[in-house]
Amino acid sequence: MPHTPSAAKRLRKAEKRRRQNRAVAKKIKTQRKAVAEAIKAGDAAKTGTEVQNTQAVLDRAATKGYIHPNKAARLKSRLAKKLKAAASAPAKS
């Protein structure tokens with residue numbers, strides 16, 4: 001238990017920030033999984049929209065300070081690399 005009012009406030013702020021950080025991390029993880037599933041399914045249209053959505057989520061998280069901008073750039077780069085590899089791979093039929 002906090003002993004001072006300022007410590008109590010810090011505890012409240014830390015809990016609120018922890019919940020928000022976890023929510024954003026979960027959203028990023030969910031989006032990345034959606035892209036992976038779309039690539040695996042071979043659906044080009046869905047893959048394109050999912051990639052755009054994922055990039056938007058990453059950019060928003062970086063802008064708001066939930067993740068470092070370099071991390072967002074790294075994840076977007078890896079995403080583009082997977083997309084390019086999937087596009088150049090022979091189509092499954």
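How many residues does H3 have, and what distance does the helix reach from its first C-alpha to its last? In this predicted model, H3 has 20 residues and reaches 29 Å between those two atoms, close to the 28 Å expected at 1.5 Å a residue.

Next, the two sides of H3. Ala72, Leu75 and Leu79 are its buried residues. They sit on the same side of H3, because the arc they cover around the axis is only 70°. Flip to the other side of the helix and the exposed residues there are Asn70, Lys81, Lys84 and Ser88. As for the cover over the buried residues of H3, it includes helix H1 (5-41) and H2.

H2 deserves a closer look. The axes of H2 and H3 (residues 69-88) come within 8 Å and cross at roughly 170°, so H2 runs roughly antiparallel to H3. On the H2 side, the contact is made by Thr47, Val51, Thr54, Gln55, Leu58, Asp59 and Ala62; H3 brings Pro69, Ala72, Leu75, Lys76, Leu79 and Leu83. Sorted by character, the residues of this contact come out as 8 nonpolar, 3 polar and 2 charged.

One of the H2 residues in that list, Thr47, lies within the helix spanning residues 44-64. Thr47 has a relative accessible area of 6%, so it counts as buried. Setting aside neighbours within four places in sequence, Thr47 is in contact with Leu83, and also with Ala38 and Ile39. Leu83 is among the H3 residues that make the contact with H2.

Terms used. Residues numbered from 1 in each chain as written. Predicted model: local features only at pLDDT ≥ 70, side-chain atom pairs only at ≥ 80, totals over all residues. Heavy atoms only, no water. Helix = DSSP H or I, 4+ residues; strand = E, 2+ residues; numbered from the N terminus. Buried < 20%, exposed > 50% of the residue type's maximum accessible area, 1.4 Å probe, protein only. Contact = heavy atoms within 4.5 Å. Axes fitted to C-alpha atoms, helices over the stretch in contact; angles between N-to-C directions. Parallel < 35°, antiparallel > 145°, perpendicular 65-115°, else oblique. Nonpolar A, V, L, I, M, F, W, Y, C, P; charged D, E, K, R; others polar. Expected span 1.5 Å × (residues − 1). Arc of directions from axis to C-beta.
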